[in-house]
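Open the model in your viewer and keep the selection tool ready. This tour goes stop by stop, with something to select at each one.

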Amino acid sequence: MRDEDARSILIRNDRGGYTVPNGRVYPFQWNWDSAFVALGFTAFDLDRAWREIESLFEAQWPDGFVPHIVFWKDDPGYFPGPDRWDTKTRPLTSGITQPPVAATVVRDLWMQGGEQVRDRMAALFPKLMAWTRWFRTHRDFEGRGLVVALHPWETGRDNSPEWDEPGAAIDTSDVAPYQRRDTSHLDAAMRPTTAEYDRYVALVDYGRERGWDHARLARENPFRVADVGMTMILLRADRDLLALAEALGRDAEAEELRGYIARAEQGVDWLWNAEVGAYCSRDVLTGRSSGFVTSASFLGFYAGLSDPERDKAVLAALTRIGEAVRYLVPSLDPHDPGFQMIRYWRGPVWAVLNYMIGRGLEEAGQEGLARRVREDTRDLIRQSGFYEAFDPTTGAPTGGDDFSWTAAVWLCWAGR
Ligand code: DGY
């Protein structure tokens with residue numbers, strides 16, 4: 001039954017070549033949502049899976065940037081819509097990006113489709129290359145192989161406490177009046193606060209007033225944080241892109257990617273916080289580590305990193321967290337005083353993070369914890385349905401229902 005429900009969510013949220021995360025709260029195409037959705041489609045429609053990624057890359061900008069939202073059609077149910085972003089692109093898009101999971105997904109699709117889909121993979125390869133180059137050109141702090149986020153929405157973990165201190169530098173005094181739409185669909189207790197929204201909107205206005213000039217924003221944006229999540233995800237994506245380059249005999253690109261990978265493997269040292277024994281995001285403007293252990297802190301295995309001392313510390317942290325909550329992996333360490341069970345990225349469990357963490361643990365041979373993460377994800381969905389996120393203590397649902405990426409994670413991993 002659950003498989004059928006998951007499939008019907010993807011079919012219902014399909015708007016013809018692209019899928020919305022949830023028809024009411026998020027009525028457009030979102031970047032990393034689409035990548036996970038493609039994995040879900042592989043369970044019953046491989047052609048449609050490819051189409052999801054292809055449509056996302058139809059919105060790629062000439063400089064290689066891939067936006068976090070594509071506004072294929074307008075919808076008054078969401079703020080900020082295309083007018084507030086005002087990117088002047090065709091199609092209209094947002095001006096910020098999102099975690100680059102697409103290359104990893106394309107490799108998975110290719111592994112499943114084999115020779116028959118080689119042309120589709122080869123057609124996406126230069127676009128994926130252009131996106132990784134865009135990151136290395138505009139978002140790689142001091143060439144260390146890290147990813148600098150210019151907006152909390154870029155990280156996908158919108159209201160994580162990691163952004164509280166760096167976000168204090170954002171001037172919200174001039175934000176033109178706006179009306180939130182998220183809280184008309186959902187309980188405000190599950191969403192970011194008004195003060196956080198003011199910061200989000202101020203950064204949208206800041207980028208728009210500078211014509212979404214990525215080079216300039218990289219130098220001047222008031223919020224610049226080396227995000228542990230995006231850094232790990234890009235490192236993983238580059239490894240998968242390297243496998244595609246090798247399969248296509250693209251030697252020059254393969255060499256270029258090996259360089260990016262080597263740099264990132266060194267660069268992550270800057271994110272390691274020995275005091276808390278985990279990888280943490282770090283403000284590039286002040287140099288301060290957030291010190292927050294979030295679900296993104298457990299993506300090192302997914303990124304293919306391996307270091308006996310650090311691995312031991314990370315596994316101990318995950319075990320300790322697993323003893324404190326019924327369901328792994330909460331988006332914030334439950335021992336943190338700011339932990340909130342249902343508020344978005346300050347506590348709830350997200351199926352896509354679990355998928356990446358679980359897959360990394362499996363690949364690293366950490367079978368016990370890998371099984372726990374996978375079974376917890378399965379139990380949450382069985383118990384509560386295909387919600388946006390879940391309370392890690394009770395498993396109760398939080399956020400939107402009929403959520404595409406939760407259905408996708410069920411189909412490709414948790415429900416298998
Ligand atoms: C939102 O509107 O809540 C999204 O997370 C932005 O990407």
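How far is an oxygen atom of the ligand from an N or O atom in the side chain of Arg-191? Select both and look: the distance is 2.8 Å. Keep in mind that this is a predicted model.

**Stop 1: contacts of the ligand**

Stay on the ligand and add Trp-30. An N or O atom in the Trp-30 side chain lies 3.0 Å from a ligand oxygen. Now add Tyr-344. Here a ligand oxygen is 3.2 Å from a side-chain N or O atom. Next, show the surface of the ligand. On its own, the ligand would expose 230 Å². The protein buries 95% of that area.

**Stop 2: the shell**

Select the residues that surround the ligand. Four of the names to type are Tyr-26, Tyr-78, Tyr-197 and Tyr-344. Add the tryptophans Trp-30 and Trp-153. Finish with His-68, Asp-158 and Arg-191. Colour this shell by class. You should get 6 nonpolar residues, 1 polar residue and 2 charged ones.

**Stop 3: the largest cavity**

Hide the ligand and turn to the space around it. Where does the ligand sit? The ligand occupies the largest cavity. The structure holds 5 cavities of 30 Å³ or more. The largest cavity has about 270 Å³ of space. Its lining counts 23 residues, and the closest to the cavity centre are Tyr-26, Trp-30, Gln-98, Asp-158 and Tyr-344. Select those five, then colour the whole lining by class. The lining of the largest cavity has 14 nonpolar, 3 polar and 6 charged residues.

Pause on Trp-30 and Tyr-344. Both belong to the shell around the ligand, and both are listed among the residues closest to the centre of the largest cavity.

**Stop 4: the second largest cavity**

Move on to the second largest cavity, with about 70 Å³ of space. Select its lining, starting with Pro-152, Asp-158, Asn-159, Ser-160 and Trp-163. Continue with Asp-164, Gly-167, Glu-196, Arg-199, Tyr-200 and Arg-346. Which elements give two or more residues to this lining of the second largest cavity? They are α8 (164-167) and α10 (194-209). The largest share, 3 residues, comes from α10. Colour by class once more: the lining of the second largest cavity divides into 3 nonpolar, 3 polar and 5 charged residues.

**Last stop: Asp-158**

End on Asp-158. This residue is part of the shell around the ligand. Asp-158 also appears in the lining of the second largest cavity.

Notes. Residues are numbered from 1 along each chain as its sequence is written. This is a predicted model: local features need pLDDT of at least 70, side-chain atom pairs count only at pLDDT 80 or more; totals for chains, interfaces and linings use all residues. Side-chain values use heavy atoms; hydrogens and water are left out. A residue is near a molecule or strand if one of its heavy atoms lies within 4 Å of it. A polar contact is a pair of N or O atoms within 3.5 Å; within protein, one must be able to donate a hydrogen and the other to accept it, and residues adjacent in sequence count only if both atoms are side-chain atoms. Accessible areas come from the Shrake-Rupley method with a 1.4 Å probe; for residues, only the protein chains shown count as cover. On a 1 Å grid over the protein atoms alone, a cavity is a set of points where a 1.4 Å probe fits but cannot get out, and a pocket is an open set with protein on both sides within 12 Å along at least five of seven lines; lining residues have an atom within 4 Å of a point. A molecule sits in a cavity or pocket if more than half of its atoms lie within 2 Å of its grid points. Ala, Val, Leu, Ile, Met, Phe, Trp, Tyr, Cys and Pro count as nonpolar, Asp, Glu, Lys and Arg as charged, and the others, Gly among them, as polar. Grid points are joined across faces, edges and corners, and a volume is the space filled by probe spheres set on the points. Helices (H or I, at least four residues) and strands (E, at least two) are DSSP runs, numbered from the N terminus.
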